[in-house]
Amino acid sequence: MLNIRYEKTTTPKELPTRDNPLKFGTIFTDHMFVMDYEVGKGWHDARIIPYQPISLDPSAMVFHYGQEMFEGLKAYKAEDGRTLLFRPEKNIERANNTNKRICIPEIPEEDFLQAIKEVVKTDEAWIPTKPGTSLYIRPFIIATDPFLGVRPSDTYKFLIILSPVGAYYPEGLNPVKIWIEDEYVRAVKGGIGEAKTGANYVASLKSQVKAHDEGYSQVLWLDGVHRKYIEEVGAMNIFFKIDGKIVTPVLNGSILPGVTRDSVIRLCKAWGLPVEERKIDITEIKEAYEKGTLEEVFGSGTAAVISPVGQLRWEDTIMQVKDGGIGEYSQKLYDTITGIQLGKIKDTLGWTVEV
């Protein structure tokens, strides 16, 4: 168990009003968690301090070699007043898998969870209660050695910051338009595609800009070798309902193992819906669309939970899905997962953790 020291702010910020739209990632709470690592000493000096800038040497290795990881999860205020986390152990597991992949020392799961709980408790008043809102939790680790050389750092800093966020879709579920990328690639098997690290996201920006210029909100990536197998969408995993079956790309080393993805698969199986995790050729999607068996498409992720897809564009083919509307399972999955997160639906799966 961590021995966390506390330094409370003497100048608390004004809490957002209930009618504040809470644009994602723009408002931050009063406090943050910090812990340091040093070879020979391990993780130490766990503390909760006022939210503030951090001071790093210009030669800190994170700036030059990108040795950093981050996670994202949320805290919710249930109707009965409890503060709930949704499957935090899965985020912690994924964080440590990322750490292993990029040579950052792992953090014991119980210490990681304790840190999340304690900083959320400290700023519990910041959890918004308007429908669709939540407190976004961003744990991250950066390499801090002042050294210009390619090797794992000997020192690191682990931080957790918090941000109250509004509903991803203020008007409710809103089908998005997806551009299927056929020029650039995001990741390849054997690389870091399955790790939660910034390099995967900066690699996506060029295509994201191109898609936005064409009027599309997200990019769906194809594999980096054959340029034909579907991988993931921007910051989401992707699902297709084809002829009564839910189909999603199998985790292959270049796809991020989403916590919501796993939740969707488990729920669909519990409902008796056939689920296939396998390679999906983009031509299969086009053929299903032409035959009328492409019944539904949706993405899954922490930010939106479930994001229905109304249109797919691949090369010169534009595929209108569900007449641009919301599919049955997109809605059902969204209602079920958010219901569990907010304590409105009984959690028979043991997915929520009380702070």
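Which residues of helix α3 are buried? The views below come from a predicted model, and the answer is given with the view of α3.

**View 1. Helix α3 covers residues 109-122.** The helix has 14 residues. From its first C-alpha to its last, α3 reaches 20 Å, close to the 20 Å expected at 1.5 Å a residue. The buried residues in α3 are D111, F112, Q114, A115, I116, E118, V119 and V120. An α-helix has 3.6 residues a turn, so residues three or four places apart point the same way.

**View 2. Strand β10 (residues 218-222) is largely enclosed by the rest of the structure.** This follows because five of its five residues are buried, where buried means under 20% relative accessible area. In a regular strand the side chains alternate between the two faces of the sheet. Both faces of β10 are covered. On one side Q218, L220 and L222 are buried, and on the other side V219 and W221 are buried.

**View 3. Strand β10 pairs with β9 and with β11.** Strand β9 (residues 176-180) runs parallel to β10, and three bridges join the two. Within this pairing, I178 has Q218 of β10 as its bridge partner. Strand β11 (residues 230-233) runs antiparallel to β10 and is joined to β10 by two bridges. Here L222 stands opposite I230 of β11.

**View 4. Strands β12 and β13 form a hairpin.** Strand β12 covers residues 237-242, and β13 covers residues 245-249. The two strands run antiparallel and are joined by three bridges. K241 stands opposite I246 of β13. Two residues lie between the strands, and D243 in the turn has a positive phi of about 50°. Most residues other than glycine have a negative phi.

**View 5. Strand β13, helix α6 and strand β14 make a right-handed β-α-β unit.** Helix α6 covers residues 259-270, and β14 covers residues 275-278. Strands β13 and β14 run parallel, with four bridges joining them. I246, seen opposite K241 in the hairpin, has V275 as its bridge partner in β14. Four of the five residues of β13 are buried, so this strand is largely enclosed by the rest of the structure.

**View 6. Y65, L148 and V150 make a nonpolar surface patch.** The area of the patch is about 340 Å². L148 lies in the loop between β7 (134-143) and β8 (155-165). Is L148 buried or exposed? L148 has a relative accessible area of 57%, and because the cut-off for exposed is over 50%, L148 counts as exposed.

**View 7. E315 and K322 each have a positive phi.** E315 is in the loop between β16 (305-314) and β17 (317-320). Its phi is near 55°, a positive value in a residue other than glycine. K322 is found in the loop between β17 and α8 (328-341). For K322, which is not a glycine either, phi is about 55°. E315 counts as partly exposed, at 45% relative accessibility. K322 is also partly exposed, with a relative accessible area of 44%.

Key: Residues are numbered from 1 along each chain as its sequence is written. This is a predicted model: local features need pLDDT of at least 70, side-chain atom pairs count only at pLDDT 80 or more; totals for chains, interfaces and linings use all residues. Side-chain values use heavy atoms; hydrogens and water are left out. Buried means under 20% relative accessible area, exposed over 50%, partly exposed in between (1.4 Å probe, protein chains only). Two strands pair if DSSP finds at least two bridges between them. A crossover is right-handed if, with the strands pointing away from the viewer, the path from the first strand over the helix to the second runs clockwise. Patches are made of residues with over 30% relative accessible area and no salt bridge: like charges are joined within 9 Å, nonpolar side chains (Val, Leu, Ile, Met, Phe, Trp, Tyr) within 5 Å. Accessible areas come from the Shrake-Rupley method with a 1.4 Å probe; for residues, only the protein chains shown count as cover. A salt bridge is a side-chain nitrogen of Lys or Arg within 4 Å of a carboxyl oxygen of Asp or Glu. The expected span of a helix is 1.5 Å times one less than its number of residues.
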